[in-house]
Amino acid sequence: MSMNSADLINNAEKEWVWNETPLLKVRGLSKQFGAGCIHCKQPTSDEQEGSRCQYCGSIWACRNLSFDLYPGEILGVVGESGSGKSTLVKCLYFDEETTVGEMSISSYEDKTSNLFEKSAQQKRYIRNHVMGMVYQNPLLGLRMPISSSGNIAEKLFAADHYHVGSIRQRAADLLQKVEIPLARMDEPPKNFSGGMQQRVQISKALANNPPLLLLDEVTTGLDLSVQAKVLDLIRNIQRELRVAMIVVSHDLGVIRMLADRTMVLRQGLIVEQGLTDQILEDPRHPYTQLLVHSLL
Ligand SMILES: Nc1ncnc2c1ncn2[C@@H]1O[C@H](COP(=O)(O)OP(=O)(O)OP(=O)(O)O)[C@@H](O)[C@H]1O
Ligand SMILES: [Mg+2]
Ligand SMILES: [Zn+2]
């Protein structure tokens, strides 16, 4: 893969960025679905062993995941269907309860404590103030019957912004950023195309100026041309606002376009992680090799 000068500048920037303290630290995150039994009390790190317990059918959807995310960085998460990608971001966003593990966010006032152990009320505060989430299914991220501007206003209220005039201006700015025509800002997302809905979701997720944005399969199911537009938009947002992002996709092409570093999941385990360029050029794990070769 050849590098152009923009990439080189980007790489210089990346090195500088990575000297900072991580924004997000995750250690030993594991998530089990099901009641579990004596045979599956602990998640194993054995790649040969599947994530599903053969005795009780419980699944360790995420097994012992540890990683850092730096301010302004994009971390890609790739892996086949069922590898635990959505479960991971849902755990980080407190949509799912994490079974074991630690998470800290340096921009949150309580920098070092384990956020998974906070009360429901504190978790809600953290979600509303330092995180944004874009779901694969826009039905989960948007209230379809209320206006697009109303959707954004809701997120702003949740983050303690109450000034109606400035909320309206902020909604207009955000929708403009994602290229929703101002004339349509009061239309409900249910009137919009899939690509437009994803763009409204992105603007809503950005409303509270979060340092951390989670994006789950944001372009899956969109036409190729619409995909390209949404990916472009995400890159621009990252450059302009320097939001750190976790980008989940089963599509290595999306990861290649967006991610500085990449983590490859399989059956809930990280089988490989590193610089995206390195993983694409010289994948070490047989599973990653398979993924990369199917991309070529
Ligand atoms: N609510 C749930 N209850 C039980 N099992 C679940 C639940 N959600 C996910 N799982 C299981 O956890 C594993 C990981 O699922 P997850 O949705 O995280 O995968 P994914 O990598 O996002 O897949 P995809 O690419 O298809 O979206 C799967 O085996 C799945 O069946
Ligand atoms: Mg998923
Ligand atoms: Zn079991």
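**Entry 1: the ligand shell**

I started at ligand 1 and asked which element gives the most to its shell. It is α2, with 3 residues. I looked up the span of α2, which is 85-92, and noted that β2 (59-69) also supplies at least two residues of this shell. My helices and strands are DSSP runs, with H or I over at least four residues for a helix and E over at least two for a strand, numbered from the N terminus.

Next I listed the residues surrounding ligand 1: Phe 33, Ile 59, Ala 61, Gly 79, Ser 81, Gly 82, Ser 83, Gly 84, Lys 85, Ser 86, Thr 87 and His 250. A residue makes this list if its C-beta atom, placed from the backbone, lies within 6 Å of the molecule. By class I wrote down 3 nonpolar, 8 polar and 1 charged residues. For the classes, Ala, Val, Leu, Ile, Met, Phe, Trp, Tyr, Cys and Pro are nonpolar, Asp, Glu, Lys and Arg are charged, and the others, Gly among them, are polar.

A reminder to myself: this is a predicted model, in which local features need pLDDT of at least 70 and side-chain atom pairs count only at pLDDT 80 or more, while totals for chains, interfaces and linings use all residues. Residues are numbered from 1 along each chain as its sequence is written, and chains are lettered from A and ligands numbered from 1 in the order in which they are written.

**Entry 2: the whole chain**

I stepped back to the protein chain and found 11 helices and 9 strands. Its C-alpha atoms fill a box of roughly 55 × 50 × 35 Å along the principal axes. The radius of gyration is 19 Å, which agrees with a compact globule, because one of 296 residues would have a value near 19 Å. I took that radius over C-alpha atoms, and the globule rule is 2.2 Å times the number of residues to the power 0.38.

Buried residues make up 43% of the 296. Buried means 20 or more other C-beta atoms within 10 Å of the residue's own, exposed means 12 or fewer, and partly exposed is in between, with C-beta atoms placed from the backbone.

I also checked the contacts with a separation of 6 or more, and 68% of them join residues 24 or more positions apart. A contact here is a pair of C-beta atoms, placed from the backbone, within 7 Å.

The UniProt record, an unreviewed entry, lists "domain: ABC transporter" for residues 24-292. UniProt positions are in the numbering used here, feature names are shortened, and annotations may be inferred rather than shown by experiment. Over that stretch I read 37% helix and 22% strand, with the end C-alpha atoms 27 Å apart.

**Entry 3: two domains**

How is the chain divided by the domain assignment? I found domain 1 (1-107 + 211-296) and domain 2 (118-209); such bounds come from an automatic or database assignment. Their C-alpha centres lie 24 Å apart. The contact takes 20 residues from domain 1 and 17 from domain 2. On the domain 1 side, β6 (212-216) and α8 (224-241) each supply at least two residues. That side has 14 nonpolar, 3 polar and 3 charged residues.

**Entry 4: Met 133 and Tyr 93**

I picked Met 133, in strand β5 (residues 131-134). Is Met 133 buried or exposed? Met 133 counts as buried because it has 23 C-beta neighbours inside 10 Å. Leaving out residues up to four places away in sequence, Met 133 touches Tyr 93, Gly 141, Ala 205 and Leu 214. I also noted Lys 204, which is 71 residues from Met 133 in sequence, with 8.7 Å between the C-alpha atoms.

I followed that contact to Tyr 93, in the loop between α2 and β4 (100-105). Tyr 93 is partly exposed, with 19 other C-beta atoms within 10 Å. With the same sequence neighbours left out, Tyr 93 touches Arg 127, Met 131, Met 133 and Leu 214. The C-alpha atoms of Tyr 93 and Arg 127 are separated by 6.5 Å, although the two are 34 residues apart along the chain.

**Entry 5: two asparagines**

I then looked at backbone angles. Asn 64 has a positive phi of about 55° although it is not a glycine; this residue is in strand β2. Asn 64 counts as partly exposed, with 18 C-beta neighbours inside 10 Å.

Asn 209 also has a positive phi of about 55° without being a glycine. I located Asn 209 in the loop between α7 (194-206) and β6. Asn 209 is exposed, with 12 other C-beta atoms within 10 Å.

Methods. Two residues are in contact if their C-beta atoms, placed from the backbone, lie within 7 Å.
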